[in-house]
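Visitor: I have a structure open at the bench and would like to talk it through with you. Could we start with the charged side chains and then move on from there?

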Number of protein chains: 2
Amino acid sequence: MTDIVPIMRFGRDLLVTLQGDLDDTTVERVEREITEEVARTHAAGVLMDISRLDIVDSFVAGVLGRLGGMIRLLGADTALVGMQPAVAITLVELGAPMGHLHTALNAEQGLALLRRLRDDAGR
Amino acid sequence: MTDIVPIMRFGRDLLVTLQGDLDDTTVERVEREITEEVARTHAAGVLMDISRLDIVDSFVAGVLGRLGGMIRLLGADTALVGMQPAVAITLVELGAPMGHLHTALNAEQGLALLRRLRDDAGR
């Protein structure tokens, strides 16, 4: 069975690549697979690469925001990496609430960010 | 378009999660996507997580071996991580040639291995 979201464990963090279309039917599976893996592995952080998302509109922004909220409830932090400049512009223009999401330029900096967040929180 | 192989760039390395069935029709795309990304990004190493491969038999072992050979020709090293114990047993029993492939227990150790390999080679 191919998981809809490939997830790689990296120390205490999970590396997730989101790609393709995030539509109504896949979002539910994406949310379930990621949250179940966070719970199963007791992950401390989730690094989400969104550089291959075809479209980031208000719907996808909402999905990302919700995912960040779910992961936070499970006790882990979320770092988004690989955001295209056009996406950053869109998200700010949409006024999308990205409260639970941290962002970094690339995967290396994202992992460093996740580690810093839990060092600061003493986790 | 969903890529068949999600690839995340991590510094000078690429992180690849292989999953689902590797059959005749997908193998060609898998080989193309990985080799093109190695060339495009000038990657020095490829970390391949095979923990989610459903079946590793002599066919898949051959695919992995060939991929390692192609990546080597492009000037990069390959580290396999997440091999299930049953897979290790199968591969040894099959006598599968894994010449161009290095292996490590998990993604962190795999990345460390890739870095060590290029330090040793002065790349």
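**Charges, a helix and two copies**

Guide: This is a predicted model, and a good place to begin is the network of salt bridges that links Glu37(A), Arg40(A) and Arg52(B).

Visitor: How many salt bridges does the structure hold over all chains?

Guide: Over all chains the structure holds 16 salt bridges. Among them is the one in which the side chains of Asp77(A) and Arg123(A) meet, at 2.9 Å from N to O. Asp77(A) lies in strand β4 of chain A and Arg123(A) in the segment after α4 of chain A, so this pair ties together parts that are 46 residues apart in sequence.

Visitor: And is Asp77(A) buried or exposed?

Guide: Asp77(A) is buried, with a relative accessible area of 7%, whereas its partner Arg123(A) counts as partly exposed at 37%.

Visitor: What does Asp77(B) pair with in chain B?

Guide: Asp77(B) forms a salt bridge with Arg72(B), and the closest N and O atoms of that pair are 3.7 Å apart. Asp77(B) counts as buried at 6% relative accessibility, while Arg72(B), at 31%, counts as partly exposed.

Visitor: Which chains do Glu108(A) and Arg115(B) belong to, and what does their pair join?

Guide: The side chains of Glu108(A) and Arg115(B) meet in a salt bridge at 3.8 Å, N to O. Glu108(A) lies in helix α4 of chain A and Arg115(B) in helix α4 of chain B, so the pair joins two chains. Glu108(A) is partly exposed, with a relative accessible area of 38%, and Arg115(B) counts as partly exposed at 35%.

Visitor: Changing topic, how are chain A and chain B related by rotation?

Guide: Chain A is superposed on chain B by a rotation of 180 degrees with 0.0 Å of shift along its axis, and the RMSD is 0.0 Å. That is the relation of a two-fold axis. Of the residues of chain A, Pro6(A) comes closest to the rotation axis, with its C-alpha at 3.6 Å.

Visitor: Why do you say the copies meet through the same surface?

Guide: The copies meet through the same surface because 100% of the interface residues of chain A are also interface residues in chain B.

Visitor: Let's look at one helix. What is the span of α1 in chain B?

Guide: Helix α1 of chain B, residues 24–41, has 18 residues and reaches 26 Å from its first C-alpha to its last, which is close to the 26 Å expected at 1.5 Å a residue. Its buried residues include Val27(B), Val30(B), Ile34(B) and Val38(B), and also charged ones such as Glu31(B), Glu33(B) and Glu37(B).

Visitor: What do those buried residues pack against?

Guide: The buried residues of α1(B) pack against β3 of chain A together with β1, β2, β3 and α2 of chain B.

Visitor: And what comes just after α1(B)?

Guide: Just after α1(B), His42(B) takes a positive phi of about 55 degrees, although His42(B) is not a glycine. Most residues other than glycine have a negative phi. His42(B) sits in the loop between α1 and β3 of chain B, and is exposed, with a relative accessible area of 66%.

Visitor: Where is His42(A), then?

Guide: His42(A) lies in the loop between α1 and β3 of chain A. This residue has a positive phi of about 50 degrees without being a glycine, and His42(A) is exposed, with a relative accessible area of 67%.

How values were computed: Residues are numbered from 1 along each chain as its sequence is written. Chains are lettered from A and ligands numbered from 1 in the order in which they are written. This is a predicted model: local features need pLDDT of at least 70, side-chain atom pairs count only at pLDDT 80 or more; totals for chains, interfaces and linings use all residues. Side-chain values use heavy atoms; hydrogens and water are left out. Helices (H or I, at least four residues) and strands (E, at least two) are DSSP runs, numbered from the N terminus. The expected span of a helix is 1.5 Å times one less than its number of residues. Buried means under 20% relative accessible area, exposed over 50%, partly exposed in between (1.4 Å probe, protein chains only). Contact means heavy atoms within 4.5 Å. Copies are superposed by least squares on the C-alpha atoms of residues with pLDDT of at least 70 in both. A salt bridge is a side-chain nitrogen of Lys or Arg within 4 Å of a carboxyl oxygen of Asp or Glu.
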